[in-house]
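Please look through the following report with the sequence and the 3D structure at hand. It goes from a single residue to the whole chain and then to the contact between chains.

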2 protein chains.
Amino acid sequence: MDLPMTSVASNQNNATTSYHHGNLREALLSAAVDSIREQGAENLSLRALARVVGVSQTAPYRHFADKNGLLVELARQTFDELSGITSDCIDPSLSSAENLLRAGEAYLRYAIANPEKYRLIFGSSITNREQYPQLRTSAHSAFNVLLQLMAEGAQRGEFLNTEPMILANNCWSSIHGFALLTIDGVFARKEQPLGFDDMLRTHLQLTLRAIQYIPQNLPGAIPFSD
Amino acid sequence: MDLPMTSVASNQNNATTSYHHGNLREALLSAAVDSIREQGAENLSLRALARVVGVSQTAPYRHFADKNGLLVELARQTFDELSGITSDCIDPSLSSAENLLRAGEAYLRYAIANPEKYRLIFGSSITNREQYPQLRTSAHSAFNVLLQLMAEGAQRGEFLNTEPMILANNCWSSIHGFALLTIDGVFARKEQPLGFDDMLRTHLQLTLRAIQYIPQNLPGAIPFSD
DNA sequence: ACCGGCATGTTTACAGTGAAAACATACTAT
DNA sequence: ATAGTATGTTTTCACTGTAAACATGCCGGT
């Protein structure tokens, strides 16, 4: 689980130490994931990666234009993982509100379990994002899961009857902010009245509440109304 | 505006180039603000700062234990600026809801006008935060502005009758997330139905809506109800 | 079966960085 | 006046990203 064996044969399969690694690109990416998990993307060193993988210090440049290129590839993978995790939560037979809570929780748990990967996909460790259309595509399809959910909820009358983009921006801000404040340990530095799981679910409830359509004279639909 | 003259005499006052700079600490901080504004905190170089200020490359170490120490000082200043800006918005004669919208807008506008400073105070450019109690104090008092507002609003019956900390966590997440997504250019990369100012205010309205107590049978209190 | 080209690795080199250590200077308090 | 200390400088080390030139060996066409 911690050390995913690369599928293709590595250089240790044959007795003769082969000049060619055979799987360097994947090995570097895997080592990079470990490295940023432990020290963050800011401290990633291509030379250190090369050392770990057992290759000369400039070998990585045969597979990535530069350090930024490697980070972009990691970010792309991370966006795709987020897309998968959240869209797996969505069940059309459930209410949109329920789907939002489920997907939101999955998103937050992923972010918190992979703080450095989450930080990587936003923020400024990666530069010149506009030069990597694949990255934009992956990011876009992750956001689309949310956008679609908003459109559906608005159409069903569960959410406010507004542009789905507006609802999505709001939800995403709220969840993203919560993820980062958690990751950055800001909440942990204050005395919290709730345990973390309750805090997380309460936050999602409030996030939902911001965009939920409230039928008049139906107080039961309002959480926390007293 | 861009080049704040340091108040104490600089070395160019006397004809003789003085060995001692006289105001190096402040000059370094000022140069550092310019530097991170242009290139971000990740690319800050103490040596480059020293060059700009006209001093040897290790002179900064007489005033800051290391690069992290300088960043901590910048972060502390930034937290204090945020405290000032937001608490200036709060007028006890207004409703808590109104105060939240005002302070929230000021907070967001500051963050967006000073993206690199805002990024600095969160995130991982600064390491070993726990070793700097002053930083924690400044961060704490910035958060307290919000916390107090929540307590007041809850007491007045404007906000949900819950722990102020829970309300504050939610509001802060929402506003923080919006600030970062804006700064990181994520919103800008999508087609937005609203101009930025409207988008900002709409987001704050929804953020308020998440925690606002809604008196039953009073539909006018619900924004966006259709 | 050869062999030439190309993908993949290596060696070497350069310029930049944070930071420690030893040294120089000049302000300030006695 | 002078000693002590705060402030600056020089030198040095280990590290980084990455460019350039070179080596190796796999793979496909003859």
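## One leucine and its surroundings

In which helix of chain B is the place of B:L108? B:L108 lies in helix 4 of chain B, which covers residues 96-113, where helices (H or I, at least four residues) and strands (E, at least two) are DSSP runs, numbered from the N terminus. This is a predicted model, in which local features need pLDDT of at least 70 and side-chain atom pairs count only at pLDDT 80 or more, while totals for chains, interfaces and linings use all residues. Residues are numbered from 1 along each chain as its sequence is written, chains are lettered from A and ligands numbered from 1 in the order in which they are written, and side-chain values use heavy atoms, with hydrogens and water left out.

Is B:L108 buried or exposed? B:L108 counts as buried because its relative accessibility is 0%, given that buried means under 20% relative accessible area, exposed over 50%, and partly exposed in between (1.4 Å probe, protein chains only). Leaving aside neighbours within four places in sequence, B:L108 is in contact with B:I175, B:F178, B:A179, B:L200 and B:L204, where contact means heavy atoms within 4.5 Å. Although B:L108 and B:L204 are 96 residues apart along the chain, their C-alpha atoms are separated by 9.7 Å.

## The make-up of chain A

Chain A has eight helices and zero strands, and read along the sequence it follows the pattern α-α-α-α-α-α-α-α. Of the 226 residues in chain A, 51% are buried. Among the contacts in chain A between residues at least 6 apart in sequence, 64% join residues at least 24 apart.

## An asparagine with positive phi

Most residues other than glycine have a negative phi. A:N128, which is not a glycine, nevertheless has a positive phi of about 55°, and its place is in the loop between helix 5 (115-121) and helix 6 (133-155) of chain A. A:N128 counts as partly exposed because its relative accessibility is 37%.

In the other chain, B:N128 also has a positive phi of about 55° without being a glycine, and B:N128 is found in the loop between helix 5 (115-121) and helix 6 of chain B. With a relative accessibility of 38%, B:N128 counts as partly exposed.

## How the two chains are related

A turn of 180° and a shift of 0.0 Å along the axis lay chain B on chain A with an RMSD of 0.0 Å, when copies are superposed by least squares on the C-alpha atoms of residues with pLDDT of at least 70 in both. That is the relation of a two-fold axis. The same surface serves both copies, since 100% of the contact residues of chain B recur in chain A.

## Where the chains meet

In the interface, 52 residues of chain B are in contact with 52 residues of chain A. Together the chains bury about 4,500 Å², with 62% of it on carbon and sulfur atoms; buried area is the accessible area (1.4 Å probe) that two parts lose on being put together, summed over both. B:K190, B:L206 and B:R209 supply 12% of the area that chain B buries against chain A, more than any other three residues.

Helix 6 (133-155), helix 7 (164-183) and helix 8 (196-211) of chain B each supply at least two residues of the side that touches chain A, and the largest share, 12 residues, comes from helix 7 of chain B.
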